[in-house]
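The following exercises concern helix packing and the nonpolar core of a predicted model. Please work through each task before reading its solution.

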Amino acid sequence: MARGQQERTVGSAAAQALPTRRAALAAVAGGSVLALLPDAARADATTGPARTQDEGFMREALAMAAEGDTPFGTVIVRDGQVMARGPNLTRRLADPTAHGEMVAIRRFLAARTPEELKGTTLYSSGEPCAMCMGAILWCGIDRVVYGASTQDLAARITRLPMPALTIATAMAQQAPFLKVEITGGVLRDEALALFETVKTKP
Ligand SMILES: [Zn+2]
């Protein structure tokens, strides 16, 4: 079933199960906005399998990573096309927020509307950090694919972020409209090789 169909189905199920005003007030008084929503309407963060196109786009992300201040690089893909690319520019821009994911999102938005970001797939050489996962979720990016995991990089990165799935799951529990699918380990060894050649610890 196509994603749009799924969403329409969920939307119509949600409409049929709209809570009464009394139930809504009780749920709010009880501190649980999630209690207002039927299970099917709750957002989730899930892991998913790699797809056939993933390796090709990951190679493009690794090419970006090779140009980065640290070996993190990103491409954003929509309808089988790379729409934006971003290397890590934290040193060149003297900006701790200029991670590859953030650079790619900003470049995408410099040329396109926020609506066009929704439904895209973001490929990154390394597992996104909490800041980038927050941006990914708020932008409505559908799917994240990464090469090296946080755990893979634990020996090389001093400030180890939380796993992307942990962050996405926590956010989805609090904000039901935020959801994403995560696929890790695509071209993992090639991604890790980039981290071998570049000194990442200060
Ligand atoms: Zn990041």
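**Exercise 1.** Determine which residues Val-144 touches, leaving aside residues up to four places away in sequence.

*Solution.* Beyond four places in sequence, Val-144 is in contact with Leu-122, Pro-128, Ile-136, Ala-164, Val-180 and Ile-182. Next, place Val-144 in its core: together with Ala-168, Val-144 has the most contacts inside the largest nonpolar core, which has 43 residues. Helix α3 gives the most to this core, contributing six residues.

**Exercise 2.** Classify the relative orientation of α3 and α8 and identify the residues that meet.

*Solution.* The axes of α3 (residues 54-67) and α8 (residues 188-197) come within 10 Å and cross at roughly 5 degrees. Angles under 35 degrees count as roughly parallel, and α3 is therefore roughly parallel to α8. On the α3 side, Leu-62, Ala-65 and Ala-66 meet Glu-190, Ala-191 and Leu-194 of α8. By class, this contact has five nonpolar residues, one charged residue and no polar residues.

**Exercise 3.** Describe how α4 packs against α6, giving orientation, handedness and contact residues.

*Solution.* The axes of α4 (residues 100-111) and α6 (residues 130-139) come within 9 Å, with a crossing angle of roughly 30 degrees. That angle makes α4 roughly parallel to α6. The crossing of α4 past α6 is left-handed. Helix α4 makes the contact through Glu-101, Met-102 and Ile-105, and α6 through Cys-132, Ala-135, Ile-136 and Cys-139. Sorted by class, six of these residues are nonpolar, one is charged and none is polar. Ile-136 of α6 also appears among the residues that Val-144 touches.

Conventions
Residues are numbered from 1 along each chain as its sequence is written. This is a predicted model: local features need pLDDT of at least 70, side-chain atom pairs count only at pLDDT 80 or more; totals for chains, interfaces and linings use all residues. Axes are lines fitted to C-alpha atoms, for helices over the stretch in contact, and angles run from 0 to 180 degrees between N-to-C directions. Helices (H or I, at least four residues) and strands (E, at least two) are DSSP runs, numbered from the N terminus. Angles under 35 degrees count as roughly parallel, over 145 as roughly antiparallel, 65 to 115 as roughly perpendicular and the rest as oblique. A crossing is left-handed if the near helix is turned anticlockwise from the far one by less than a right angle, and right-handed if clockwise. Two residues are in contact if their C-beta atoms, placed from the backbone, lie within 7 Å. Ala, Val, Leu, Ile, Met, Phe, Trp, Tyr, Cys and Pro count as nonpolar, Asp, Glu, Lys and Arg as charged, and the others, Gly among them, as polar. A nonpolar core is a set of buried Ala, Val, Leu, Ile, Met, Phe, Trp, Tyr and Cys residues joined through C-beta atoms within 7 Å. A residue is buried if 20 or more other C-beta atoms lie within 10 Å of its own, exposed if 12 or fewer, and partly exposed in between; C-beta atoms are placed from the backbone.
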